[in-house]
Amino acid sequence: MMKHPKYIIILFIGIFFMACEKDDVCLQPMTPKAVIRFYDFTSQNDIKAVDNLTIIALPIKDTLYKNVNKDSIALDLNVNENQTKFLFLSVNNKDTIVFNYQRNDVFVSKTCGYKTIFKQLNVLVIPDSDNWIKNITNQTEITADTIADVKIYH
Amino acid sequence: MLRYTINILFIFWSLSSFSQKQINDTLIKNDSIHILKPFNVRIGFDLGNFIDGKLNNNPKTAFFIDSNIYKNYFLCLEVGSNNNDFNNSVYHFQTKGNYLKLGVDYNIYDNWPGMDNQISMGFHYGYSNFTGTLVGYKINQPSNTFPPTENIVNKEFKNISGKWFEITSKLQVEVLRHIYLGYSISLKYLLSAKRTNEYEVPFIPGFYKVNSNRNFGFGMQYYISYRFGKD
């Protein structure tokens, strides 16, 4: 009757399984965080952890870190605006840090969509009567999560 | 998943219906033998995609025309029009366009005299011309302190072309005199680019869903068709 029924059934089953493969999981690196490392102001090559560090995102007042003892942190920047402010508290001393930047939306893929990279980055601390943060230096661009973008001396 | 399970059942169901028919045909007397003459033209309509399009408010239309040009070889041309709306919350892309498929089907089914059924293996080339619209996107930020808002872009990319080859297994059964019901399953291989540095096409008219990681695609169509010409 049919000349090659077996081969056809095998082909059908093969096609059926090939159709099942998913491609909706995004595995590529997306919008990078701002990586911050804390250094000793008196001996500027040495990493120095901050005591009782609390970080609050402004103006939404989300507490991102609470009373931690860390020498390195990563923060999400606001991709809807060209500025993000954080409140850095160390042993009840509040300092406000301002990130100013230009946003650049980069297409990655259908599954991942777009990511933002940050250019012309400028990080500063708003001066007050008693800043625990003595100095800040930063890279001008944030394109990946890998390196320290911002160095805070205290 | 249920849809594919039903499709598989349909394949086995169709095989069993042929074996039934064979018994009846053995009763046909020699003097009533007729063999289908070449150059009979059959026109078909893609029923499955049409209904699917109506239900999802996403118009899809396709017609095909085929003709038995030589022995068991059929020349087949299909034209169609598809719309698609892709939105996975970070990327919203719409596709709208037409396509054309041209190829040869070889009927491997041995018809008994008086029958004109088709189980064919075919090789087709597909070409599509379409417009893609990047409706909008939302920045992908793995953890977000400040939830990204959607950016509306509405940027059109005109005259994108899609090219592919496909191996098609098609089944058509004459259910009433001159009227056929059938379906085809295609394994497709995309030849054209699916990505630029501004967009990636999630769908190509006639090719259907485009997989980011590989060039293979899959298609299934249900047809109703009518054959012109004498038996």
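In chain B of this predicted model, buried residues account for 33% of the 231 residues. Of the contacts in chain B that link residues at least 6 apart in sequence, 62% are made between residues at least 24 apart. The secondary structure of chain B consists of two helices and ten strands, and these elements follow one another from the N terminus in the order α-β-α-β-β-β-β-β-β-β-β-β.

Eight strands of chain B make up a closed barrel, in which the order is β1-β2-β3-β4-β5-β6-β7-β10 and the pairing is antiparallel. Averaged over neighbouring strands of this sheet, and with direction ignored, the turn of one strand against the next is 25°. In general, the strands of a sheet pair through backbone hydrogen bonds, and they do so in either a parallel or an antiparallel manner.

Two of the pairings in chain B that involve strand β10 can be described at the level of residues. Strand β1 of chain B, which spans residues 41-46, is paired with strand β10 of chain B, spanning residues 216-227, and the two run in the antiparallel sense over five bridges. Within this pairing, Arg42(B) lies opposite Arg227(B) of β10(B), while Asp46(B) has Tyr223(B) as its bridge partner in β10(B). Strand β7 of chain B, comprising residues 179-190, is likewise antiparallel to β10(B), and eleven bridges connect these two strands. Here a tyrosine is set against a tyrosine, since Tyr222(B) in β10(B) is the bridge partner of Tyr183(B). Strand β10(B) is thus joined by bridges both to β1 of chain B and to β7 of chain B.

In chain A, an open sheet is formed by four strands, arranged in the order β4-β1-β9-β8 and with mixed pairing. The edges of this sheet are occupied by β4 (72-75) and β8 (135-138) of chain A, each of which pairs on one side only. Neighbouring strands in the sheet of chain A are turned against each other by 20° on average when direction is ignored. One of the pairings in chain A is that between strand β1, residues 34-39, and β4(A), where four bridges join strands that run antiparallel. An example of facing residues in these strands is provided by Val35(A), which stands opposite Ala74(A) in β4(A).

Taken together, the arrangements described for the two chains are a closed barrel of eight strands in chain B and an open sheet of four strands in chain A. The pairing is antiparallel in the barrel of chain B, whereas that in the open sheet of chain A is mixed.

Note on methods
Residues are numbered from 1 along each chain as its sequence is written. Chains are lettered from A and ligands numbered from 1 in the order in which they are written. This is a predicted model: local features need pLDDT of at least 70, side-chain atom pairs count only at pLDDT 80 or more; totals for chains, interfaces and linings use all residues. A residue is buried if 20 or more other C-beta atoms lie within 10 Å of its own, exposed if 12 or fewer, and partly exposed in between; C-beta atoms are placed from the backbone. Two residues are in contact if their C-beta atoms, placed from the backbone, lie within 7 Å. Axes are lines fitted to C-alpha atoms, for helices over the stretch in contact, and angles run from 0 to 180 degrees between N-to-C directions.
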